[in-house]
Amino acid sequence: MKTCEIIGLKKSFGGNHVLRGIDMHLSAGEVVVLMGANGAGKSTLVKVLCGFHGHDAGTMHLDGVAYLPTDAANAISHGVVTVHQSIDDGVIPDLDVATNLMLNRLTEPGAGVLVRDGALRRAAQKVADNMGLTMDVRTKVADLSVADRQMIAIARAMAYEPKVLILDEPTSSLSASEADRLFSLVDRLRGQGVAILYISHRMSDIRRIADRIVCMRDGEISGMFEQSPLDYDGAVTAMLGHSMTDVDIGVQDGGQPILEIDTLALSRGSAPVSFSARDGEIIAITGLLGSGKSELAEIIFGLQRPKAGQMRIAGRAYAPQNAAQAVAAGVFMSFKDRSTNAVIPDFDIANNMTLPFLRLFSRATVLKGRSQRQAAQDMIRRLGIVCQSDDDGIGTLSGGNQQKVMIGRWLLKGCRVLLLDEPFQGVDIGARRDIGAHIRETAKGRATLVFVAELDEALEIADRIIVLNEGTIAGQHQNRNVDMEALIAQVSGTSGAQPRVNA
Amino acid sequence: MTRETLLTFAIRFGFLILLFCMVIYFSLSANGFASPRSAAFILQSVAITGILALGVTCTLVVDGFDLSIGSVATSALMLSAYAMVILEMSAVTAVLLCLLMGAIVGLINGLLIVKFKVPDLLATLGMMFLLIGLQRIPTQGNSIATGMKLPDGSAAEGAFSAAFLWLGRHRFDLFVEKLVPVPVVIFLITAVVIWVFLELTRHGRLMYAIGSNERAAALVGTNVNRYKIAAYMISGVTASIGGILLAARLGRGDIASGNNLLLDSVAAALIGFAVLGAARANAFGTAIGALFVGILLQGLTMMNAPYYTQDFVKGAVLVLALVFTFYLSAKRSAGGKT
Amino acid sequence: MLRRQAMKLMGSVALLAGYGSVALADMPAPLDNPGDVKIALVRYLSTGDFFQSYLSGVETQAETIGMDLRVFDSRQDAALQADMVDQAIALGVDGIIIQHGLTESMKDAAQRAVDAGIKVVAFDVNVENDAIPQIEQSDYLLGKLALEQALKDNGNAFTAGYVYVPGIAPLDRRNVAWEEVKDANPDITEAAVFGTLDNPIANSIANQARSVMQANPTISVVFAPYDEFAKGVKIAVDEAGMADDVDIYSADVSTADISAMREPGSAWVATVATNPAVVGEVSVRALALLLTGENPGASVVVPPTLITQDFLNEQDIKNMDDLGAQMPQFQHADVAVADWMPLPTR
């Protein structure tokens with residue numbers, strides 16, 4: 001029985017085709033896991049389903065009836081309920097559990113003006129029992145653990161008696177044991193006959209929960225897996241893709257080691273990570289969400305402290321306490337999610353680009369506007385940034401060009417270690433090639449670490465690929481005739497515990 | 001002109017044109033408006049709020065706010081009077097004491113916001129009440145003047161020194177004898193200094209970056225906390241300069257909450273958003289904004305308009321400026337020149 | 001129980017020791033045992049020199065008689081002030097002084113106090129109650145005296161500037177005097193009316209007065225019937241270099257006002273004032289009379305005093321203490337007194 005059926009769904013924003021014809025269905029009592037890398041279009045699909053966006057073409061049906069939600073509230077009234085990734089969107093932290101569980105009752109028309117606490121609490125207790133929640137309903141939600149809050153958010157969603165429940169990366173901030181509790185709740189809901197769409201790319205979640213896996217890539221369904229046992233490696237391949245690209249790179253072995261990572265523990269209890277990055281070498285660090293990629297980047301840039309182990313730069317101990325110290329030590333980092341982490345929306349191109357090095361462009365603290373612009377124009381030319389002039393507002397640029405500005409920012413001055421976190425995020429293929437080529441051209445004199453999830457991107461830019469899984473190194477590959485099967489197995493964690501070096 | 005360029009023109013120069021028209025109108029309709037003396041009066045009447053507004057501009061630049069400036073100014077007023085009249089200190093000591101007080105208040109504001117994570121409005125609101133109360137404690141709520149009775153029964157012997165009063169009362173010759181008062185000169189100097197600091201130095205540029213995207217600024221290695229604290233300290237010091245000039249003009253330590261000073265200077269800074277279509281806090285705009293309010297009030301007073309119409313007009317100008325900033329500028333394409 | 005009695009006894013002993021010098025024994029009941037008489041001062045306005053001084057007057061007179069004074073301060077919250085009257089009733093006070101407030105909010109509260117058998121006097125607020133004497137510093141007379149001096153100095157034909165903010169009760173009452181004088185002297189030209197209560201008032205008034213003086217250079221007399229106004233006008237006149245051409249007449253006085261009036265060449269030539277401390281003392285004395293069953297009269301007016309710049313200079317008066325010493329009518333008002341009533345020592 002198909003609870004929800006989607007046929008030929010398309011959605012674009014301006015010229016950007018985000019969904020290019022999605023066909024899929026959800027059945028009662030089944031958990032479908034939707035996998036997809038950043039930018040694959042999962043979140044747009046969810047937003048269309050929950051009524052936040054309209055769609056351009058295609059149809060959606062619920063129990064055989066056409067489903068066309070006008071807004072989020074309308075979607076809920078049709079029985080499509082979403083629990084979003086950010087938990088605190090789903091609960092009101094300052095109120096107690098009972099009120100949170102019953103909140104939708106309070107907003108219903110016809111609800112009494114006065115809140116009868118006793119009745120409310122009894123009704124809430126019933127809901128909680130139903131969901132297998134054990135906490136006291138009088139507890140304030142803010143005092144609960146993240147997992148409990150997540151459960152409350154789901155329980156609140158269940159109060160609407162949904163036909164379709166969408167869970168958007170529900171375990172992203174949960175520990176393993178907390179996740180277990182969530183999974184048993186999901187099992188219970190599956191038993192109650194709810195059709196569940198579960199968005200995640202954590203392999204451990206997927207193994208535990210999935211009845212079926214749907215993979216998305218570039219706005220299309222790139223794979224569907226339903227035969228038991230599920231083909232997890234196939235799913236990762238479908239999600240990340242590894243159609244060998246036509247970029248031809250001359251792989252460098254690199255010179256002297258610059259950055260040495262010595263038995264670094266990325267998270268409590270994870271096996272130590274050791275490797276060294278050499279002069280002129282570009283290393284792609286890849287891995288799924290939760291593999292320790294972001295932790296590694298943040299530790300090197302001084303935003304997190306390692307749980308154990310040390311780092312050295314050119315043989316000297318390096319333990320930055322904050323970003324400023326990292327920059328001072330010649331470690332530069334371009335962050336992912338540029339709009340929150342990098343772009344200064346009020347500034348023009350030149351000022352965005354020169355921001356980290358204003359000291360270089362000033363005399364006695366007074367800025368030398370001309371040399372700022374000179375440097376910016378130079379970088380605009382080198383990276384092929386498409387703009388009218390260096391005083392264009394950053395917001396007038398396309399995503400790819402904005403990203404070039406953000407990368408260009410860190411190429412203005414030579415550095416020892418360059419960290420690029422998802423440098424190709426939200427960037428079209430042309431800009432991606434430009435950025436990649438420029439990073440390779442300038443690689444001499446520094447060690448470059450590129451943190452990417454997509455294997456294509458790693459293969460396009462790196463001399464060496466290091467695969468992280470569960471906070472430790474699962475494999476290393478020189479970027480020559482890479483054994484893709486082994487690589488994907490390491491990414492998805494199905495290769496066995498032994499890290500392999502494929503030189 | 002196309003619609004687009006017309007809109008851009010209106011955003012950039014609309015407020016300056018309005019200012020110009022106003023000057024023409026008052027010159028024609030108010031007797032004695034168009035004269036060097038009148039210009040000096042206008043500048044004098046906006047000098048103190050203008051100086052405060054320049055300080056609050058610095059906090060607005062880092063996406064903060066300082067509600068305590070009015071009470072910092074009146075605290076400086078009381079402190080300078082207390083120092084000279086009761087403690088019989090010299091003018092220089094009194095001035096330094098006030099500047100130090102302003103810097104310390106700014107430092108505390110900054111630490112509350114940065115270290116203790118108190119939201120800026122709440123931290124500075126608390127500081128405002130604290131100072132309004134604190135400035136009255138040493139004199140049990142009395143104003144300070146020479147000859148006042150002290151708690152021990154004796155009379156205060158000290159007096160405002162001539163050097164101190166000079167700050168508020170002396171006028172420099174410019175074309176006309178005794179034309180430009182000292183506070184106006186200090187206002188202009190402060191405006192230029194703050195403008196240079198915000199627009200031309202890398203520290204100012206980083207403060208704008210913090211105000212626009214604090215996280216991004218931090219991730220390029222900017223010490224965000226230090227700059228935020230610095231912004232509040234600048235605000236505190238400029239507010240205390242305003243208070244010193246107020247004391248020098250009044251010649252006594254009047255108790256006052258300073259709330260009108262706060263509101264007028266915030267209005268000037270917000271009107272400044274609209275000047276030249278900046279759509280953000282800037283020193284030039286703030287100075288023009290203060291001037292705008294000053295010209296309007298001077299003209300209305302000369303035309304015998306009652307006091308309540310002045311508040312009304314002030315409010316109308318502010319609303320208009322905010323529309324300029326938030327509606328028209330938002331219509332224009334994203335991003336701007338820096 | 002015993003312990004509390006003992007404390008009370010000790011308290012009275014202490015009081016007796018403190019005020020042994022005044023003739024306590026002769027006061028009529030209930031003031032024959034004044035330490036047991038509780039009175040409350042319920043204030044609406046409290047910030048500013050005037051109100052500070054008024055409070056000190058209330059305190060000294062209450063202390064001299066030996067009564068137990070509680071001060072309730074509502075800080076311009078009319079509703080709170082009414083609640084405070086109820087608090088005072090609950091506290092079991094014998095008398096209440098209501099200082100300022102709004103008729104609407106205080107009328108009922110005052111009636112409740114009277115109903116509870118409490119003696120009440122009101123200063124500068126009309127609570128529309130026959131049982132409650134009104135203490136007044138006559139604002140009308142303040143204005144009148146200042147303007148009479150202006151007429152004496154300048155004749156009855158001059159161009160005047162007037163500082164006025166309508167809707168403020170004392171200023172409205174002073175305005176009555178101005179209107180009368182204007183009507184009686186048709187040759188007085190009112191060239192400009194201005195005013196603001198923007199804080200700091202003197203600074204805001206100075207800014208306005210600068211513009212007014214610029215627009216109306218013929219003004220020779222400014223009537224500024226509130227000392228903050230006069231201060232502001234004086235600053236503007238000094239800045240405009242017109243101190244010799246303009247005379248300022250005002251109301252109220254303070255130490256700072258005295259020094260401003262005595263500056264060489266000051267334009268501020270006269271002010272008329274009631275000593276707020278005296279008004280405070282009179283308030284307490286009127287209440288004391290009421291408590292002993294005497295009637296101070298429905299309206300107790302504290303007469304104002306004219307203070308001229310010349311007088312201040314002649315007597316070399318530097319502050320309020322000097323003023324009191326040189327001008328006995330300013331230091332003490334012979335109002336609401338009785339033979340048995342101890343007065344504060346000077």
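Helix α17 of chain A is followed by A:Gly493, whose phi is positive, near 80 degrees. Helices (H or I, at least four residues) and strands (E, at least two) are DSSP runs, numbered from the N terminus. Before going on, a word on the source: this is a predicted model, where local features need pLDDT of at least 70 and side-chain atom pairs count only at pLDDT 80 or more, while totals for chains, interfaces and linings use all residues. Residues are numbered from 1 along each chain as its sequence is written, and chains are lettered from A and ligands numbered from 1 in the order in which they are written.

**Around α17 of chain A**

Back to that helix, which spans residues 484–492. Its buried residues are A:Leu487, A:Ile488, A:Ala489, A:Gln490, A:Val491 and A:Ser492. Here "buried" stands for 20 or more other C-beta atoms within 10 Å of the residue's own, "exposed" for 12 or fewer and "partly exposed" for anything in between, with C-beta atoms placed from the backbone. The buried residues of α17(A) pack against a mix of helices and strands of chain A: α7 (203–209), α8, β13 (282–286), α16 (455–461), β21 (464–469) and β22 (472–478). Contact, here and below, is a matter of two C-beta atoms, placed from the backbone, lying within 7 Å.

How do α8(A) and α17(A) pack, at what angle and how far apart? The angle is about 100 degrees and the axes are 9 Å apart. Axes are lines fitted to C-alpha atoms, for helices over the stretch in contact, and angles run from 0 to 180 degrees between N-to-C directions. That makes α8(A) roughly perpendicular to α17(A), on a scale where angles under 35 degrees count as roughly parallel, over 145 as roughly antiparallel, 65 to 115 as roughly perpendicular and the rest as oblique. On the α8(A) side the contact is made by A:Tyr232, A:Asp233, A:Val236 and A:Thr237, and on the α17(A) side by A:Ile488, A:Ala489, A:Val491 and A:Ser492. By class that comes to five nonpolar, two polar and one charged. The nonpolar set is Ala, Val, Leu, Ile, Met, Phe, Trp, Tyr, Cys and Pro, the charged set is Asp, Glu, Lys and Arg, and the others, Gly among them, are polar.

**Two domains**

The domain assignment of chain A gives domain 1 (2–240) and domain 2 (257–502); such bounds come from an automatic or database domain assignment. The C-alpha centres of the two domains lie 33 Å apart. Their contact takes eleven residues from domain 1 and 15 residues from domain 2 of chain A. Helix α8 (residues 232–240) turns up again here, giving the most to the domain 1 side with five residues. That side divides into five nonpolar, four polar and two charged residues.

**Strands in chain A**

Four strands of chain A form an open sheet in the order β2-β1-β4-β5, with antiparallel pairing. Two strands pair if DSSP finds at least two bridges between them. β2 (16–27) and β5 (65–66) stand at the edges, each with a single partner strand, so one side of each is left without a neighbour in the sheet. Nine bridges join β1 (residues 2–13) to β2(A), and A:Ser12 has A:His17 of β2(A) as its bridge partner. Helix α1 (residues 42–49) packs on the sheet, touching β1 and β2 of chain A, and its direction makes about 65 degrees with that of β2(A).

Elsewhere, β16 (residues 331–334) and β19 (residues 417–421) of chain A pair in the parallel sense over four bridges, with A:Val331 opposite A:Val417. A:Val331 and A:Met333 point one way from β16(A), A:Phe332 and A:Ser334 the other way, and all are buried.

**Backbone oddities**

Most residues other than glycine have a negative phi, and most peptide bonds are trans. These spots go against that pattern:

| Site | Backbone value | Place |
|---|---|---|
| A:Glu470 | phi about 50 degrees | loop between β21 and β22 of chain A |
| C:Asp252 | phi about 75 degrees | loop between β9 (247–251) and α9 of chain C |
| C:Ala29 to C:Pro30 | cis, omega near 0 degrees | C:Pro30 in the loop between α1 (2–18) and β1 (38–43) of chain C |

A:Glu470 counts as partly exposed, with 19 C-beta neighbours inside 10 Å, whereas C:Asp252 is buried, with 22 other C-beta atoms within 10 Å.

**Touching chain B**

28 residues of chain A are in contact with 24 residues of chain B. α10(A) gives the most to the chain A side, with three residues.
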